[in-house]
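Visitor: I would like to learn how to read the contacts in a structure. Could you walk me through one?
Guide: Gladly; let's open it and go step by step.

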Amino acid sequence: MDLAYTPEEEEFRARLREWLAKVLPTLPPKPSPDDWPARRSYDLGWQRMLHDAGYAGLHWPVDAGGQGATPTQHLIYLEETENAGAPYVGAGFVGLLHAGPTIAAEGSAEQRARWLPPILRGEEVWCQGFSEPDAGSDLAALRTRARRDGDAYVVSGSKIWTSHAEVADWCELLVRTDPSAQKHRGITWLALPMDAPGVTVRPLRTLAGSAEFAEVFLDDVRVPVANRVGDENDGWRVTMVTLSFERGTAFVGEVVACRRVLGELARTARRNGRWDDPALRRRLGRLNAEFRALWRLTQWNVSEAETGGGVPGVGGSVFKLSYSHARQELYDAAADVLGPESLDLDRPWVLDRLSSLSYTIAAGTSQIQRNIVAERILGLPKGR
Amino acid sequence: MRFQLTADQRALRDVLRGLLTRRFGGAALRAAVDAPGLDRALWRELGDVGFFALRLPEADGGVGLGLPEAVLAFEEAGRALLPGPLVATHLAAGVVPGAAGGEAVVTAVDGRLVEWLAEADVVHGEAGAAAGAVPLRSVDPLTPLHRVAAPAPADPVASLLTAAEQLGTATRACELAVQHARTREQFGQPIGAFQAVKHLCAQMLVRAEVARAAVYAAAVTADPVDIAAARLLADEAAERGARDCLQVHGGMGFTWESEVHLHLKRAWVRAQRGGGSTESEELLAADLVA
């Protein structure tokens, strides 16, 4: 067991740190959260800078245009960019973290050449059309229908919780191509051009008041068969392949950020007198333990990915269950520090408290995660 | 960075687990509960395999390993519910004659308690620390306890080894609960097929694995704040894990015959040792504004 980084890893960190110090002051001011086109161009501008400096697709395989970095280098990258206050992946999220890796793993040579370079260069934005109003936790129950018509699929249905839909060029879309097959078997993966006739995007307002995601309505939308990645009816497997890209790094930046927020909370409490309350101090002390442990668990999972060839182990669901709860605890503790000011939307942490409520729901609710841990790790039987 | 067990560390863990399963398995555990007392022969065997001399330099007759290996050893001891003043004797190796080889049983004041005082050959630490110690009727049938008036200052290494024992209990409690949930049937199916039971088991694993990352990391860094975090999370993983294990066992879990209560009671005993939750939380809070 070792927590020391190798000389090569330290050199990677030093070079990155130097580059960040040089380029971050040249960034334009951050756009308003409600201005989607401005957010898109800001996020893509950052991606272009990464590309020009050789950091684009750090964790992607080299033959897909990535850097083929080790999981530990990826961890260092995420830690350093968060510490330096670099922009978040933002509009590039789906392209860089899911659709791109899926195409890299399962796409044809033409598909890889068409779609991967624009993702890496920060030219095209992808969104994700997976969930539906009646297919949330039970994703494989999705009903958006695609029927073959010559060299195209004709797609009808609706998708929900689609982030960046308003500004996306492409959507990685799961559709049902065989309604008579068992539910995981009749699904196909398509790349949908968002400007195709019949695509309607309606923003959804979250409880935090902002339009963070959208509903996408599909009304007889024609998608070329050439846009299908993998075989017809093999879309479930195609989509799940990308999970093997998960190397324990999914929440690195966020854990780093939570530890910084915790320090700021403690200093705020010292200034406003709340620190004199031993119950509050102990609450923050406990959170310090939890986030330190989550950082160590991240290092553990990344090391495991590095030694085990990138296949995620026990770590992912265990980490998410613990982290999503700790994050909500953190912002509840922030409200304890702020007192009545915790009700003022203009105060720091108040919007974060609201958005933290999504963490035990998005990307697999805590209840679903516990089922996964119980059945796949502990080997408990499935319920009838 | 390679934050995983090495092949040698896995081998050390497996050897100890084998020894403890052979020498202190279910039947021996039950016998120890029926006839309390320290098994001196087992104590010497632990000495022979280097349990106490693990961190003593080879030049001094020790095994010459470090805190990570000690943590793995104490995790195994915790799993097996191995009785005796293990932490105190381990810390006395190389200082108190006979401790390293398991010839001497060494105890110490830890928190406001002394474990195994009547059976110990030596009380390690400040002279007279255990003077006037008062026996109490211990809740744990396998840990005789005396109370002292003034607490001993907490030793971070002792607290980390306690955390490692708690981690062993947390892991074992999860295993026992899962075994029971897979075999016990009600309403025509294993109770582990019910989500209410599944989710209890899943949370036991989550707490244990988060604590494991904290305990192993603290063993690598030996940093007092890391140790406080490890201890806090391991205490909680053990106490809540053993309690949830009892709940999964239902009525059987409430009986003397089942071993579940022994895990919970030992977790309670260890939680009272120096460096417990209040101390750890205050240390971790102070670190935030340091």
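**Domains, chains and charged pairs**

Guide: Let's start inside one chain of this predicted model. The C-alpha centres of domain 1 of chain A and domain 3 of chain A are 23 Å apart. Their contact takes 12 residues from domain 1 of chain A and 13 residues from domain 3 of chain A.

Visitor: Where do the domains of chain A begin and end?
Guide: The domain assignment gives domain 1 (7-88), domain 2 (126-233) and domain 3 (246-377) for chain A.

Visitor: How much area do domain 1 of chain A and domain 3 of chain A bury between them?
Guide: About 1100 Å², with 60% of it on carbon and sulfur atoms. On the side of domain 1 of chain A, the residues that lose the most area to domain 3 of chain A are P71(A), L75(A) and E82(A), together 52% of what that side buries.

Visitor: How many salt bridges does the rule find across the interface of domain 1 of chain A and domain 3 of chain A?
Guide: First the general idea: side chains of opposite charge can pair when their charged atoms come close. Across this domain interface the rule finds 1 salt bridge. E82(A) and R260(A) meet through their side chains in a salt bridge, at 2.9 Å from N to O. Helix 3 (residues 71-83) of chain A gives the most to the side of domain 1 of chain A that touches domain 3 of chain A, with 8 residues. That side divides into 4 nonpolar, 5 polar and 3 charged residues.

Visitor: Now the two chains. How many residues of each are in contact?
Guide: Chain B brings 49 residues into contact with 52 residues of chain A. The area buried between the two chains is about 4600 Å², and carbon and sulfur atoms give 64% of it.

Visitor: Which polar features cross the interface of chain B and chain A?
Guide: The rule finds 23 residue pairs in polar contact there, both residues at pLDDT 80 or more. On the side of chain B that touches chain A, the largest share, 16 residues, comes from helix 7 of chain B. The residues of that side divide into 27 nonpolar, 12 polar and 10 charged. The rule also finds 8 salt bridges across the interface of chain B and chain A.

Visitor: Could you show me a salt bridge in detail?
Guide: Take R114(A), which forms a salt bridge with E124(A), their closest N and O atoms being 3.1 Å apart. R114(A) lies in helix 5 (residues 109-120) of chain A and E124(A) in the loop between helix 5 and strand 1 (126-129), so the pair ties together parts that are 10 residues apart in sequence.

Visitor: Is R114(A) buried, exposed or partly exposed, and which of these is E124(A)?
Guide: R114(A) counts as partly exposed at 36% relative accessibility. E124(A) counts as buried because its relative accessibility is 18%, and buried means under 20%.

Visitor: What about a charged residue such as K159(A): where is K159(A) found?
Guide: K159(A) is in strand 3 (residues 152-163) of chain A. K159(A) is buried, with a relative accessible area of 1%. The side chain of K159(A) reaches the backbone oxygen of L174(A) at 2.8 Å. Leaving out residues up to four places away in sequence, K159(A) touches several others, among them F130(A), E132(A), L142(A) and E215(A).

Visitor: How many salt bridges does the structure hold over all chains?
Guide: The structure holds 50 over all chains.

Notes: Residues numbered from 1 in each chain as written. Chains lettered and ligands numbered in written order. Predicted model: local features only at pLDDT ≥ 70, side-chain atom pairs only at ≥ 80, totals over all residues. Heavy atoms only, no water. Contact = heavy atoms within 4.5 Å. Buried area = accessible area lost by both parts, 1.4 Å probe. Salt bridge = Lys/Arg side-chain N within 4 Å of Asp/Glu carboxyl O. Polar contact = N/O pair within 3.5 Å; in protein donor to acceptor, adjacent residues only side chain to side chain. Helix = DSSP H or I, 4+ residues; strand = E, 2+ residues; numbered from the N terminus. Nonpolar A, V, L, I, M, F, W, Y, C, P; charged D, E, K, R; others polar. Domains from an automatic or database assignment. Buried < 20%, exposed > 50% of the residue type's maximum accessible area, 1.4 Å probe, protein only.
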